[in-house]
Amino acid sequence: KKQNTIEQHQHKNLRKSTAQQQQRETMPKARTALEEMGDDGSFVRKDASWRNWISREPGAKFPPEKDRYHLFVAYACPWASRTLMARAIKGLEDIISVTIVM
């Protein structure tokens, strides 16, 4: 019976290992600096694939709707003040709620 338990455990670990390997193969890989270099050698940042905007434009993918979005901000993050400024400039303070985190 103990041998059977060991074999089951090994089989479970093998399945887990195979699933982790498949996940690694499908995950996007980090870009290197060479992949973001222009023909003349200059740095050319590629657009982020997850970049989207909250917009009032008709048919927008993310229209401004109260209580639909929430911004978590840490003042230790250099981008925090920028997100708060953009929220204020765009008049989204009543639309996007904020939580300050440590």
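**Group meeting talk: a walk through the chain, starting at Ile54**

Let me begin with a single residue, Ile54, which is partly exposed, with a relative accessible area of 26%. I should say at once that what we are looking at is a predicted model, and that the values I quote are computed from it. Because buried means under 20% and exposed means over 50%, the 26% of Ile54 places this residue in the class between the two.

Where does Ile54 lie along the chain? Its place is in the loop between H1 and E1, and if we set aside the neighbours within four places in sequence, Ile54 is in contact with Phe62, Pro63, Pro64, Tyr69 and Ile96. There is also a pairing in space to point out, since the C-alpha atoms of Ile54 and Lys90 are 9.8 Å apart, although 36 residues separate the two in sequence.

Let me now step back to the whole chain. Its secondary structure consists of two helices and two strands, and these follow one another along the sequence in the order α-β-α-β. Of the contacts with a separation of 6 or more, 46% are between residues 24 or more positions apart. How much of the chain is buried? Of its 102 residues, buried ones make up 9%. The accessible surface comes to about 9,300 Å², and carbon and sulfur atoms account for 56% of that area.

I turn next to the largest pocket, which holds about 660 Å³ of space. Sixteen would be a long list to read aloud, so let me say that, of the 16 residues in the lining, those closest to the centre of this pocket are Asn52, Trp53, Leu71, Thr83 and Ala86. Two elements give two or more residues to the lining, namely strand E1, residues 69–74, and helix H2, residues 80–89. Which of the elements gives the largest share? That is H2, with four residues. By residue class, the lining of the largest pocket divides into nine nonpolar, three polar and four charged residues.

From the pocket we can move to the loop between helix H1, residues 2–26, and E1, where Asp67 is found. The phi angle of Asp67 is near 65°, which is a positive value in a residue other than glycine. Is Asp67 buried or exposed? Its relative accessibility is 64%, so Asp67 counts as exposed.

Next to Asp67 in the numbering is Arg68, whose side chain meets that of Glu65 in a salt bridge, at 3.4 Å from N to O. In general, side chains of opposite charge can pair when their charged atoms come close. The structure holds one salt bridge, and its two partners can be described in similar terms: Arg68 counts as partly exposed at 40% relative accessibility, and Glu65 is partly exposed with a relative accessible area of 38%.

My last stop is Cys77, which has its place in the loop between E1 and H2. At 33% relative accessibility, Cys77 counts as partly exposed. The C-alpha atoms of Cys77 and Met102 are separated by 9.9 Å, while the two residues are 25 residues apart along the chain.

To return to where I began, Ile54 sits in the loop between H1 and E1, and Asp67 is found in the loop between those elements as well, whereas Cys77 belongs to the loop between E1 and H2.

Key: Residues are numbered from 1 along each chain as its sequence is written. This is a predicted model: local features need pLDDT of at least 70, side-chain atom pairs count only at pLDDT 80 or more; totals for chains, interfaces and linings use all residues. Side-chain values use heavy atoms; hydrogens and water are left out. Buried means under 20% relative accessible area, exposed over 50%, partly exposed in between (1.4 Å probe, protein chains only). Contact means heavy atoms within 4.5 Å. Accessible areas come from the Shrake-Rupley method with a 1.4 Å probe; for residues, only the protein chains shown count as cover. On a 1 Å grid over the protein atoms alone, a cavity is a set of points where a 1.4 Å probe fits but cannot get out, and a pocket is an open set with protein on both sides within 12 Å along at least five of seven lines; lining residues have an atom within 4 Å of a point. Grid points are joined across faces, edges and corners, and a volume is the space filled by probe spheres set on the points. Ala, Val, Leu, Ile, Met, Phe, Trp, Tyr, Cys and Pro count as nonpolar, Asp, Glu, Lys and Arg as charged, and the others, Gly among them, as polar. A salt bridge is a side-chain nitrogen of Lys or Arg within 4 Å of a carboxyl oxygen of Asp or Glu.
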